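Me: Could you take a close look at the nonpolar core of this model for me, and then at the ring pairs and charged pairs that go with the picture? I work at the bench, so a connected walk-through would suit me best.

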Amino acid sequence: MIRRRGFSVIELLIAVGIIAMIAAIAMGNYFNAIHRSKQKRTMADMRSVAVAWESRAVDTKQYNAAGGAFSMPAGAVSYQEMVTMLSPTYIRTLPSMDGWGFPMQFRADQTIASATAASSYGLRSPGRDGIYSGTYNDGPTTNYDCDIVYSGGQFIVYPEGVQQK
């Protein structure tokens with residue numbers, strides 16, 4: 001009787017296949033966790049900026065950068081204008097980038113230099129793809145590429161649940 005030592009080719013291929021499947025599942029979960037953490041960081045930064053902006057509005061009785069019903073305000077507010085307005089009194093370090101490294105966008109319905117008090121504001125992140133959408137459906141999203149939008153003291157478009165992409 002001949003005793004065989006080692007594994008057959010079929011046994012090795014089965015073992016390699018199982019290891020490959022486990023690795024594929026682990027990699028998917030790993031990348032999902034990375035993008036989820038970027039979403040959470042972005043939302044935390046946006047909330048911090050909004051709290052600072054609204055705190056300033058309480059003190060100055062005008063936003064010229066905060067407030068009301070959502071439609072992304074038309075007037076762009078530069079990052080430098082935001083820093084001048086909010087830092088260091090209302091926020092120590094104003095984040096300029098979202099979790100993916102794209103610039104956040106700040107908007108108000110009146111320019112910063114306007115004598116008219118701004119009544120609405122918005123800030124947004126373009127999400128993983130770095131492209132801003134033109135229109136928004138209020139509520140949760142399950143796509144990493146969707147924008148994250150904050151206005152009037154709440155998230156208008158935000159991630160929730162299992163992300164699909």
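Reply: Happy to. In this predicted model, the largest nonpolar core has 23 residues, and the members that touch the most others are Trp-53, Met-82, Leu-86, Phe-106 and Leu-123. Two or more residues of this core come from each of these elements: helix H1 (9-60), helix H2 (79-86), and the strands S2 (105-108), S3 (121-125) and S5 (148-151). Helix H1 is the top contributor, giving six residues. There is also a second core, separate from the one above and made of five residues, among them Tyr-136, Val-149, Ile-156 and Val-157.

Two of the core residues named above deserve a second look, Trp-53 and Phe-106. Both of them are buried. Their rings also form an aromatic pair, and it is useful to recall how such pairs are described. A pair of aromatic rings is given by how far apart the centres are and by the angle between the planes. For Trp-53 and Phe-106, the centres are 6.4 Å apart and the planes stand at 80 degrees, so this pair is edge-to-face. The two rings connect distant parts of the chain, since Trp-53 sits in helix H1 and Phe-106 in strand S2, 53 residues apart. Tyr-121 joins them, and the three residues Trp-53, Phe-106 and Tyr-121 make up one aromatic cluster.

In total, the model has four aromatic pairs. One of the others is formed by Tyr-30 and Phe-31, again edge-to-face, with 5.3 Å from centre to centre and 65 degrees between the planes. Here the surroundings can be read from the accessibility values. Tyr-30 has a relative accessibility of 48%, so it counts as partly exposed. Phe-31 is partly exposed too, with a relative accessible area of 42%. Set that beside Trp-53 and Phe-106, which are both buried.

Now for the charged side chains. The whole structure contains two salt bridges. In one of them, Asp-45 pairs with Arg-41, and the closest N and O atoms are 3.6 Å apart. Both residues belong to helix H1, and because they are four residues apart there, about one helical turn separates them. The two partners are placed in contrasting ways: Asp-45 counts as buried because its relative accessibility is 17%, under the 20% cut-off, whereas Arg-41, at 42%, counts as partly exposed.

The other salt bridge joins the side chains of Asp-145 and Arg-128, at 3.0 Å from N to O. This pair links distant parts of the chain, 17 residues apart: Asp-145 lies in the loop between strand S4 (139-141) and S5, and Arg-128 in the loop between S3 and S4. Asp-145 has 16% relative accessibility and so counts as buried, while Arg-128 is partly exposed, with a relative accessible area of 25%.

To finish, here is a residue for finding your way around the display. Gln-154 belongs to strand S6 (residues 154-159). Its relative accessible area is 47%, so Gln-154 is partly exposed. Measuring from C-alpha to C-alpha, you will find Gln-154 and Ala-26 34 Å apart in space, with their positions 128 residues apart in sequence.

Key
Residues numbered from 1 in each chain as written. Predicted model: local features only at pLDDT ≥ 70, side-chain atom pairs only at ≥ 80, totals over all residues. Heavy atoms only, no water. Core = buried A, V, L, I, M, F, W, Y, C linked by side-chain atoms within 4.5 Å. Buried < 20%, exposed > 50% of the residue type's maximum accessible area, 1.4 Å probe, protein only. Phe/Tyr/Trp six-rings, centres within 6.5 Å; stacked < 30°, edge-to-face > 60°. Salt bridge = Lys/Arg side-chain N within 4 Å of Asp/Glu carboxyl O.
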